[in-house]
Amino acid sequence: MRPYRAQSDYRMVLDAQCDLYQLNFPRFVCTAAFVAEQGQRLRQAQRRPFENGLFVLDDGGRAIGFVWVVMRMDLQGPFGSVDQVYLLPSYRGRGLGKLLMERAHEFIRSQGVSVARLYVTAENGRAVALYEREGYQMTRYEMERMI
Ligand SMILES: CC(C)(COP(=O)(O)OP(=O)(O)OC[C@H]1O[C@@H](n2cnc3c(N)ncnc32)[C@H](O)[C@@H]1OP(=O)(O)O)[C@@H](O)C(=O)NCCC(=O)NCCS
């Protein structure tokens, strides 16, 4: 694991955005405007290193996954929000997700915060299983129905 480097990693993180959102939001349609917006978010994140932890998993010089944590505050106090966890498809199912999560937790701790939180789509069984193994517990339900 190493810190994100814009010059070499920007493309991989941006290219992952459509896949990441399509996997997690069944009705999501990826557009060029969405990708451009994510690119802007990514560039802004780099300018706020205490608020954003961006780390890349590197396989012999090739970026194969990343984790993006954002420090946030709500009515319950400060927490580290694990916003994005991603591995290239051929690197999934090998236990590498754990490395990304551990790095995210280390970043949150280094900011003096002891709560990590995330949102995950119920159908994304692989991600849910990873988070449960990492000690996450369900705290809220988001419910929807078709009208
Ligand atoms: C979600 C994601 C990060 C999970 O990471 P992952 O490493 O693929 O996680 P997995 O749970 O599949 O890894 C563990 C698997 O590897 C196997 N494995 C092999 N070696 C292992 C090891 N040393 N330690 C742990 N597991 C190991 C396990 O048996 C397990 O297999 P199983 O799923 O068949 O039980 C990854 O699949 C991904 O990038 N998905 C697409 C993006 C996404 O949906 N992100 C989440 C958004 S909320």
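Colleague: In this predicted model, which residue is the bridge partner of Asp59 in strand 3?

Modeller: Strand 2 covers residues 52–59, and strand 3 covers residues 62–74. The two strands run antiparallel and are joined by eight bridges. In strand 3, the residue that bridges to Asp59 is Arg62.

Colleague: Which residue in the turn between strand 2 and strand 3 has a positive phi?

Modeller: Strand 2 and strand 3 form a hairpin, and two residues stand between them. One residue in that turn has a positive phi of about 55°, and this residue is Gly60.

Colleague: What is the order of the strands in the sheet?

Modeller: Strand 1, residues 2–3, pairs with strand 2 in the antiparallel sense over two bridges, and Pro3 stands opposite Phe55 there. Strand 3 is joined to strand 4 by ten bridges, again antiparallel, while strand 4 and strand 5 pair in the parallel sense over two bridges. The result is an open sheet of five strands with mixed pairing, in the order 1-2-3-4-5.

Colleague: Why is one side of strand 1 and of strand 5 left without a neighbour in the sheet?

Modeller: The sheet is open, with the order 1-2-3-4-5. Strand 1 and strand 5 (116–117) each have a single partner strand, so one side of each is left without a neighbour, because both stand at the edges.

Colleague: Through which element does the chain cross from strand 4 to strand 5?

Modeller: Strand 4 and strand 5 pair in the parallel sense, and in strand 5 the bridge partner of Gly80 is Ala116. The chain's path between these two strands is a right-handed β-α-β crossover, and the element it passes through is helix 3.

Colleague: Is Phe66 buried or exposed?

Modeller: Phe66 has its place in strand 3, where it is the bridge partner of Val56. Leaving aside neighbours within four places in sequence, Phe66 is in contact with Tyr4, Val13, Leu54, Phe55, Val56, Leu57 and Tyr86. A residue counts as buried if 20 or more other C-beta atoms lie within 10 Å of its own. Phe66 has 23 such atoms within 10 Å, and therefore it is buried.

Colleague: Which residues touch the most other members of the largest nonpolar core?

Modeller: The core has 23 residues, and the elements that give two or more residues to this core are strand 2, strand 3, strand 4, helix 3 and helix 4. Val69, not counting residues up to four places away in sequence, touches Gly53, Gly80, Ser81, Val82, Asp83, Ala104, Phe107 and Ile108. The residues that touch the most other members of the core are Phe66, Val67, Val69 and Ala104.

Colleague: Which element gives the most residues to the shell around the ligand?

Modeller: Of the 19 residues around the ligand, Leu87, Arg92, Gly95, Gly97 and Ala127 come nearest. The elements that give two or more residues to the shell are helix 1 (6–24), strand 4 (77–87), helix 3 (97–110) and helix 4 (125–133). The residues of this shell divide into ten nonpolar, five polar and four charged. With four residues, the element that gives the most is helix 4.

Colleague: Is Leu87 buried, partly exposed or exposed?

Modeller: Leu87 lies in strand 4 and is one of the residues that come nearest to the ligand. Beyond residues up to four places away in sequence, Leu87 touches Ile64, Gly65, Arg92, Leu96 and Gly97. A buried residue needs 20 or more other C-beta atoms within 10 Å, and an exposed one has 12 or fewer. Because Leu87 has 19 C-beta neighbours inside 10 Å, it counts as partly exposed.

Colleague: Is Val115 buried or exposed?

Modeller: Val115 lies in the loop between helix 3 and strand 5, and, leaving aside neighbours within four places in sequence, it is in contact with Phe79 and Gly80. The cut-off for exposed is 12 or fewer other C-beta atoms within 10 Å. Val115 has 12 such atoms within 10 Å, and therefore it is exposed.

Colleague: What distance separates the C-alpha atoms of Val115 and His105?

Modeller: Val115 belongs to the loop between helix 3 and strand 5. Val115 and His105 are ten residues apart along the chain, and their C-alpha atoms are separated by 8.9 Å.

Conventions. Residues are numbered from 1 along each chain as its sequence is written. This is a predicted model: local features need pLDDT of at least 70, side-chain atom pairs count only at pLDDT 80 or more; totals for chains, interfaces and linings use all residues. A residue is near a molecule or strand if its C-beta atom, placed from the backbone, lies within 6 Å of it. Ala, Val, Leu, Ile, Met, Phe, Trp, Tyr, Cys and Pro count as nonpolar, Asp, Glu, Lys and Arg as charged, and the others, Gly among them, as polar. Two strands pair if DSSP finds at least two bridges between them. A nonpolar core is a set of buried Ala, Val, Leu, Ile, Met, Phe, Trp, Tyr and Cys residues joined through C-beta atoms within 7 Å. Two residues are in contact if their C-beta atoms, placed from the backbone, lie within 7 Å. A crossover is right-handed if, with the strands pointing away from the viewer, the path from the first strand over the helix to the second runs clockwise.
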